[in-house]
Amino acid sequence: MIDTLDTDVLVLGAGGAGLTAALHAADASPKLRVTVVVKGLLGRAGCTRMVQGGYNAVLTEPDSLDAHLLDTLAGGGWINDQELVWTLVTEAPGRVLELESRYGCLFDRTPAGRIHQKPFAGQSHDRTIHKGDLTGIEIMNRLTEQVLARPAIAALEECRAVELLLDDAGRAAGALLLDMRRGAFVAARARATLLAMGGGPTMYRVIACSADKSADGIALAYRAGLPLRDMEMVQFHPTGLVIPGSLMTGALLEEGLRGAGGHLRNGLGERFMSRYDAARMERSTRDLVSRASFVEVTEGRGTPNGGVWIDVSHLGADVVERNFRGMVRRCRDFGRDLARGPVEVGPTAHFLMGGVVIDPACRTAVEGLFAAGEDTGGVHGANRLGGNGVAESTVFGGLAGDTIAAFVAQRPAPRLDVARLAPAVDALGAPLGRAPGGDLYALQQRLRDVMWERAGLVRDAEGLQAALADIDRIEAGLETVGVTGDPALNTAWQDWLSLKNQVLAARLIARSALARQESRGAHYRRDFPSPAATPPVSVRVRRDGAAGPVVTIEPVAFTRAHPAPAAASHPVEVGD
């Protein structure tokens, strides 16, 4: 049996994008019924809460919107959607003020009373707004309070979307949900649906993102036939903790440490960034610093546990403890003293820059379906600048809520035959009906190892083809796995569903990486170690029925700025 639920606006995801969208939609039209679906607990799940560093926005001179635009494009290897970037940089200042004055966020301030902005890597000005090194917690706490204060917004906790629903005309009609507490399926009909589930490269061995992420939104969008872009662009953050034998390996020490003057040293004690970016040193972009650390280790200059050292002790223990108290506390939990000595770190899979193709109003190719946040591609291009992530979530979340409120005013409730969902329910519940067999967690570990070794920081055609062959075998192995127990609160079943989506996202990453025969941003091909001599392109992928992923190449539109002719790395012209 499939339960039913009717709502006006269905928000899939409850991070910064989802909650901001829900608030904007509810405030635009209080008569709307807004339903937020969260895989965990409201305000406690997802990646926005984990943001340590801050929020990029232009507030004062000499910084400018053009500077923020050009920093983002240069950092992104010039494959960004420039209209999305322009939307980000122009909307971010107003969204910061909204977070403070309307929703109650309190960001750090200067002695003069202005919002404090600190330096972050890859940026030409100090523009990163923050609340110590616990910025995400501040934003999520305040957004959650505001959502709870609005009767029009309902939250479905410990509930996950497992399929997007389309009506007979191919328009969005809601989503098939799984109430994990009861183990029951729910057909949620909605006049508009927002995909804001967050990406999360949890298909890699070492991760910094929330462990509850499994690229669900990417998988749902692909299966619904939406085009995706630049899925090969996976960000590896350079400073994840190295804690041998601990699940906390990969947890972030944020970029503010490098921005404040932290040093990176190899196992020989050398500040090795002088070999890779002598001008910016540790303040270089995440892609370059991560690869530099990787090279140091692979060439035998790593630390005893296969990492490098980050050292901020020269800034003074008082300064470090005052400005980075969250990270100091985290390190001390594992016997490391960040304020007084070096801490071992290494690259960690952090963020998916690729995702669903959207326009600046968050519309997708399917009428009635919108997307915002890490489920989307185009804003960050080939490399995300620290501080642009939570800005993207709240900027585009707010825009999505505004767009959706206007859209649903003109759209009647969709018609949907719930009986047609029976085959999908049967497929999703397949492991519950099989005899126990196969090793689910061995398959999970195998995927993580394959992606780390073959489709990670350094790639080549041979490794990517081997990864795709392994992904096929892992997917086939999943079809033999059976899980025991009742559907309600069945962790193994949920892990099976998550692994299905992770396998699909891994395939899209590897296929797209194979198609991009150059090195650009986070995507490094040892068999094509330089950017292509031709103009930058976007790699697109979409489902073609039983044929699987179809990959195409599209030129990038330089609507606001053009890269330098030689290396496509320095701007020479800015449009209006």
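Which residue in β14 does V308 stand opposite? Keep that pair in mind while we walk through this predicted model.

**First stop: the whole sheet.** Select β11, β12, β13 and β14. Together these four strands form an open sheet in the order β11-β14-β13-β12, and the pairing is antiparallel. Colour β11 (234–241) and β12 (263–265) to pick out the edges: each has a single partner strand, so one side of each is left without a neighbour in the sheet. Look along the sheet and you can follow its twist, which averages 45 degrees from one strand to the next.

**Second stop: the helix on the sheet.** Now add α7, residues 286–298, which packs on the sheet and touches β11, β12, β13 (308–311) and β14. Its direction makes about 60 degrees with that of β11.

**Third stop: β11 beside β14.** Hide the helix and zoom in on β11 and β14 (residues 343–352), antiparallel strands joined by six bridges. Two pairs are handy landmarks here. Select H237 and you will find T348 as its bridge partner in β14. Then select V234, which stands opposite L352 in β14.

**Fourth stop: β13 beside β14.** Shift to the pairing of β13 with β14, antiparallel again, with three bridges. Here is the reply to the opening question: V308 stands opposite V345 in β14.

**Last stop: the surroundings of β14.** Bring back the rest of the model and show a surface around β14. With a cut-off of under 20% relative accessible area, 10 of the 10 residues of β14 are buried, so this strand is largely enclosed by the rest of the structure.

Key: Residues numbered from 1 in each chain as written. Predicted model: local features only at pLDDT ≥ 70, side-chain atom pairs only at ≥ 80, totals over all residues. Heavy atoms only, no water. Pairing = 2+ DSSP bridges. Helix = DSSP H or I, 4+ residues; strand = E, 2+ residues; numbered from the N terminus. Axes fitted to C-alpha atoms, helices over the stretch in contact; angles between N-to-C directions. Contact = heavy atoms within 4.5 Å. Buried < 20%, exposed > 50% of the residue type's maximum accessible area, 1.4 Å probe, protein only.
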